[in-house]
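Ready for a walk around a fold? Open your viewer, switch to a cartoon view, and keep the selection box handy.

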Amino acid sequence: MFWQDEALCGCLYLSGIVTLVDSVNIGKYLHDDDVSREATRQILMADKIVLNKCDLSSAAQQARAAAEVAGVNPVAEIIKSDHSRITNLRELLFIDTTRTFAGLEHLHDRHHSSITACSLEFRGTDRLLAVGCPRDVDMLCRDLLYCKEELGFEVVRCKAALWMYRDGAYSLLQLQSIGDLFDVIPMEGISVPHGCSRALVLGKNLNEEKLREVFLRYLKPTVQA
């Protein structure tokens, strides 16, 4: 659903989010009442952050900018850009969105941010939990993103690794959402323990119990663990 163009949807998918940060002015933006909320939100959304204008900023300015960014999102990798160039583009392109699910739970302590984070893990006891097909994840996303009034909270970003059990075999699905858009694709490699699904949700007025209820509508017991 993330890509609305049918000619592109089979070739492109949402791997992660990169935020471009002005190394000269980010400190000012984060402490300006008019723009701090949006600046904070964009940094929170990021899996990786490009610290731009390093050719125009001193080493001290870059260190302060990196510290400001890390204060908002401590798990996003910071990559410096000089004259709008990045030394190793592979650092920017390969994003593992499930590596640091628990790293943003500190956000509720940042009083100036209206966005909080909730890290979820789902393990079965006697039986492994899994969705039955990609459509289950599609419906899960619709429940999370389009039922704000019913749930009483708003999800602004979600990334998850969810196990699927179909035709007698297990595989992983990657879920990414930002705003009202979401994408679900097969995940290459194993980034979470077998039978353990994980999700990181960013949003406003999040309720962990209700979030778990939504996920468990579609993560059902399968074969014996």
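Start by selecting α3 (36–45) and showing its side chains. The buried residues of this helix pack against β1, α2, β2 (48–52), α4 (59–72), β6 (154–166) and β9 (196–204). Those buried residues are Ser36, Ala39, Thr40, Ile43, Leu44 and Met45, where buried means under 20% relative accessible area, exposed over 50%, and partly exposed in between (1.4 Å probe, protein chains only). Contact here means heavy atoms within 4.5 Å. Helices (H or I, at least four residues) and strands (E, at least two) are DSSP runs, numbered from the N terminus.

A word on what you are looking at: this is a predicted model, in which local features need pLDDT of at least 70 and side-chain atom pairs count only at pLDDT 80 or more, while totals for chains, interfaces and linings use all residues. Residues are numbered from 1 along each chain as its sequence is written, and side-chain values use heavy atoms, with hydrogens and water left out.

Next, stay with α3 and add the second largest pocket, which holds about 200 Å³ of space. Of its 13 lining residues, Leu20, Ile26, Tyr29, Ala39 and Gln42 are the closest to the centre. β1 (18–22), α2 (26–30) and α3 each give two or more residues to the lining. A pocket is an open set of points on a 1 Å grid over the protein atoms alone, where a 1.4 Å probe fits, with protein on both sides within 12 Å along at least five of seven lines; lining residues have an atom within 4 Å of a point. Its volume is the space filled by probe spheres set on the points, which are joined across faces, edges and corners.

Now select valine 72, in helix α4. At 0% relative accessibility, valine 72 is buried. Draw a distance from its C-alpha to that of threonine 40: the two are 32 residues apart along the chain and separated by 6.8 Å.

Move to valine 201 in strand β9. Is this residue buried or exposed? Valine 201 is buried, with a relative accessible area of 0%. Leaving aside neighbours within four places in sequence, valine 201 touches Thr116, Ala117, Cys118, Leu120, Val155, Arg157, Cys158, Leu206, Leu211 and Phe215. Serine 119 lies 82 residues away in sequence, yet 6.4 Å away in space, C-alpha to C-alpha.

Then try the loop between β3 (77–80) and α5 (90–93), starting at serine 81. Serine 81 is buried at 3% relative accessible area, and its contacts beyond four places in sequence are Val50, Leu51, Asn52, Lys53, Cys54, Asp55 and Ile86. In this loop you will also find histidine 83, which is exposed at 55% relative accessibility. Histidine 83 has a positive phi of about 55 degrees although it is not a glycine. Most residues other than glycine have a negative phi.

For another positive phi, of about 55 degrees, select aspartate 167. Aspartate 167 sits in the loop between β6 and β7 (169–178) and is exposed, with a relative accessible area of 78%.

Finally, zoom out. The protein chain has eight helices and ten strands, and 44% of its 225 residues are buried. Of the contacts with a separation of 6 or more, 76% involve residues 24 or more positions apart.
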